[in-house]
Amino acid sequence: MIKVSIILPVYGVAQYIEKCAQSLLSQTLQEMEFIFVDDHGPDNSIELVQKMIEGHPRKDQFRFLKPEHNMGAGMARNYAIPEAKGEYIAFVDSDDWVKPTMFEELYNEAVRNGNTDLCCCQMQKIYPDNHLGDILQNPHISAGEISSADRSFILTHYVSLFTSFIYKRSFIEEYNIRFPEDRCADDSYFVSSVWMLAKSIAYVDKPFYMYLIRPGSVVTTKDSTKYQKRLTVFEKLMHFAKSVGVYDSYKEEIDFMYIKKGYLSSVFNYVTNSVEPQVKTLHEIYGVLLSQVPDYKKNRYFKSKASMRLLVLGLRTCPKLVFPLIRMYASKKQMMV
């Protein structure tokens, strides 16, 4: 029986993929499979992995898929999900790496807590010079069944650390949870969808996943139009919440999620990626907010956040004064939203 299937989209990571693959070969959990999706990259990343595993005892656990054309990371993951055979699935980015006991400890903890839908760990930022950065943590709720109060808390506090989880495959398939085709915020969409519907969770509070911060990666590449894709993704997320019957029960939480991660993150993305941000564009983004959450000013979570209310007011009344503050904050936090 395969306990955990690992899915990895691969595109242009020849410099990093051998370290990633070696960390998979070193996993202490034996009952695994590793599904590499060749996304038509410009280098020999896939060939490097295939050469590494020649003659290795775990060679047969490695599978290689190749769609007809480049799909982007999110859709490449979607392409592999139906092919996975594990009790749980997980995602690893092919320029990152994981510690040897990650999947054994996550799987065992999920089973110990009653075969939970989710089990997660912490992530550790690491830079190309091997300098360690911050430890990134998921908000913590009690292990076991997710209560209504727990879900409300998570939906208003979650972070998009989707590679820090293992997900029960039957749960993912039951609700047909997938990444959006838009090449932006696909991790936020996936994690949000998961948190809306998961019934149970477990934790291992250790930084198993090593998240490489490198120049040229998707998260560090400037794109002044990226905010448009983000708005589209969060519009799709609102539709998903309504289609699966969650929105009415958690309207306040999901609307607040949109205000914070749909609207404000799109504003931050636009301002930090534009040489000269235009007030007209900010008005357009605000118009999208009104179309999705017309009563946002009444949202109890928004009303409780004085700094957020002040920021939105500033963006509406004196945006050119707010632009440098956004850039300063983003720089301090090393953000590229």
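## Tyr167 and its surroundings

In this predicted model, Tyr167 has contacts with several stretches of the chain. Beyond its neighbours within four places in sequence, Tyr167 is in contact with Glu87, Tyr88, Ile89 and Phe91, with Asp117 and Leu118, with Phe162 and Ile172, and with Phe190, Val191 and Val194. Two of these contacts also appear as bridge partners: Ile89 is paired with Tyr167 in E9, and Leu118 stands opposite Tyr167 in E9.

## The nonpolar cores

Tyr167 belongs to the largest nonpolar core, which has 72 residues. Together with Trp195, Met196 and Tyr263, Tyr167 is among the residues with the most contacts inside this core. Helix H9 gives the most to the core, with 11 residues. There is also a second, separate core of 41 residues, and Ala21, Ile46, Phe103 and Cys121 are included in it.

## Strand E6 and its partners

Strand E6 covers residues 118-126. Nine of its nine residues are buried, so E6 is largely enclosed by the rest of the structure.

E6 pairs with three strands named here. With E10 (residues 200-212), E6 runs parallel and is joined by eight bridges; Lys125 stands opposite Tyr211 in E10. With E9 (residues 165-168), E6 runs antiparallel, and three bridges join the two. With E7 (residues 132-136), the pairing is antiparallel over three bridges, and Gln124 stands opposite Ile135 in E7. E6 and E7 form a hairpin with five residues between them. In the turn of this hairpin, Asn130 has a positive phi of about 70 degrees.

## Strand E4

Strand E4 spans residues 88-91. Tyr88 and Ala90 point one way from the strand, while Ile89 and Phe91 point the other way. All of these residues are buried, that is, under 20% relative accessible area.

E4 pairs with strand E1 (residues 4-10) in the parallel sense over four bridges. Phe91 in E4 is the bridge partner of Ile7. E4 is also joined to E9 by two bridges, and these strands run antiparallel.

## Asp255 in helix H9

The helix that gives the most residues to the largest core also holds a buried acidic side chain. Asp255 lies in H9, which covers residues 251-273. Its relative accessible area is 2%, so Asp255 counts as buried.

The side chain of Asp255 makes two polar contacts described here. One is with the side chain of Tyr247, at 2.7 Å. The other, with the side chain of Lys251, is also 2.7 Å. Outside its neighbours within four places in sequence, Asp255 is in contact with Met238, Tyr247, Val293, Asp295 and Asn299. Tyr247 is thus listed both as a contact and as a polar partner of Asp255.

## Helix H12

Helix H12 runs over residues 306-317. At 1.5 Å a residue, its 12 residues should span 16 Å, and the end C-alpha atoms are 16 Å apart, so the two values agree.

Which residues of H12 are buried? Met308, Val312, Gly314 and Leu315 are. These residues cover an arc of only 160 degrees around the axis, so they are on the same side of H12. The face turned away from this buried side carries the exposed residues Leu310 and Thr317.

Key: Residues are numbered from 1 along each chain as its sequence is written. This is a predicted model: local features need pLDDT of at least 70, side-chain atom pairs count only at pLDDT 80 or more; totals for chains, interfaces and linings use all residues. Side-chain values use heavy atoms; hydrogens and water are left out. Buried means under 20% relative accessible area, exposed over 50%, partly exposed in between (1.4 Å probe, protein chains only). A polar contact is a pair of N or O atoms within 3.5 Å; within protein, one must be able to donate a hydrogen and the other to accept it, and residues adjacent in sequence count only if both atoms are side-chain atoms. Contact means heavy atoms within 4.5 Å. A nonpolar core is a set of buried Ala, Val, Leu, Ile, Met, Phe, Trp, Tyr and Cys residues joined through side-chain atoms within 4.5 Å. Two strands pair if DSSP finds at least two bridges between them. The expected span of a helix is 1.5 Å times one less than its number of residues. The arc is that of the directions from the helix axis to the C-beta atoms.
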